Amino acid sequence: MVLKILAVVIVAFLAYIVFFKKNREKDIIAKKNEQIEDEMVECPTCKTYVSQKEAIVSNGKFYCSKECLLNK
Ligand SMILES: [Zn+2]
């Protein structure tokens, strides 16, 4: 009987570890993706560094603002 309880506890513990590890891996992947999204790029007009998220993309180049896009 005690052995049975112990077995259930061990299985539950292993399931918890596997679940926790998967969640951690997801977190790490999500963080990596965020970092890639947040990569800084140089505006070709004013040479200011902006994050790709906020930049305006035109012909594969990243501009910090509409003014720089128009004054290229
Ligand atoms: Zn600019």
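Helices (H or I, at least four residues) and strands (E, at least two) are DSSP runs, numbered from the N terminus. This is a predicted model, where local features need pLDDT of at least 70, side-chain atom pairs count only at pLDDT 80 or more, and totals for chains, interfaces and linings use all residues. Residues are numbered from 1 along each chain as its sequence is written, and side-chain values use heavy atoms, with hydrogens and water left out.

**View 1. Two domains in one protein chain.** Domain 1 takes residues 1-37, and domain 2 takes 39-72; these bounds come from an automatic or database domain assignment. Between the C-alpha centres of the two domains there are 41 Å. For another ruler across the model, try phenylalanine 20 and cysteine 68: they sit 48 residues apart along the chain, and their C-alpha atoms are separated by 46 Å.

**View 2. Four cysteines around the zinc ion.** The SG atoms of Cys43, Cys46, Cys64 and Cys68 coordinate the zinc ion at 2.2 to 2.3 Å. Donors here are N, O and S atoms within 2.8 Å of the metal (3.2 Å for Na, K and Ca), and water is not among the atoms, so sites may look incomplete. Angles among the four donor atoms run from 105 to 116°, and the site is tetrahedral (four donors count as such if all angles lie between 85 and 135 degrees). For reference, the ideal angle for four tetrahedral donors is 109.5 degrees. Along the chain, the donors are spaced as C-x2-C-x17-C-x3-C. Cysteine 43, in the loop between strand S1 (40-42) and strand S2 (49-51), and cysteine 64, in the loop between strand S4 (61-63) and helix H2 (66-70), link distant parts of the chain, 21 residues apart.

**View 3. How covered are cysteines 43, 64 and 46?** Cysteine 43 is buried because its relative accessibility is 0%; the cut-offs are under 20% relative accessible area for buried, over 50% for exposed, and partly exposed in between (1.4 Å probe, protein chains only). Cysteine 64, at 24%, counts as partly exposed. So does cysteine 46, at 36%, which is found in the loop between S1 and S2. From cysteine 46 to lysine 72, 26 residues apart along the chain, the C-alpha separation is 9.0 Å.

**View 4. Positive phi at lysine 47 and asparagine 59.** Most residues other than glycine have a negative phi. Lysine 47 has phi near 65°, and its place is the loop between S1 and S2. Asparagine 59 has phi of about 50° and belongs to the loop between strand S3 (56-58) and S4. Lysine 47 is exposed because its relative accessible area is 52%, and asparagine 59 is exposed at 74%.

**View 5. A nonpolar patch and its helix.** Leu3, Leu6, Ile10, Phe13, Leu14, Tyr16, Ile17 and Phe20 make a nonpolar surface patch of about 860 Å². Patch residues have over 30% relative accessible area and no salt bridge; like charges are joined within 9 Å, nonpolar side chains (Val, Leu, Ile, Met, Phe, Trp, Tyr) within 5 Å. A salt bridge is a side-chain nitrogen of Lys or Arg within 4 Å of a carboxyl oxygen of Asp or Glu, and areas come from the Shrake-Rupley method with a 1.4 Å probe, where for residues only the protein chains shown count as cover. Phenylalanine 20 lies in helix H1 (residues 2-37), as does leucine 6. Leucine 6 is partly exposed at 49%, and phenylalanine 20 is partly exposed at 45%.

Notes. Tetrahedral: all angles 85-135°; square planar, octahedral: opposite > 155°, others 65-115°.
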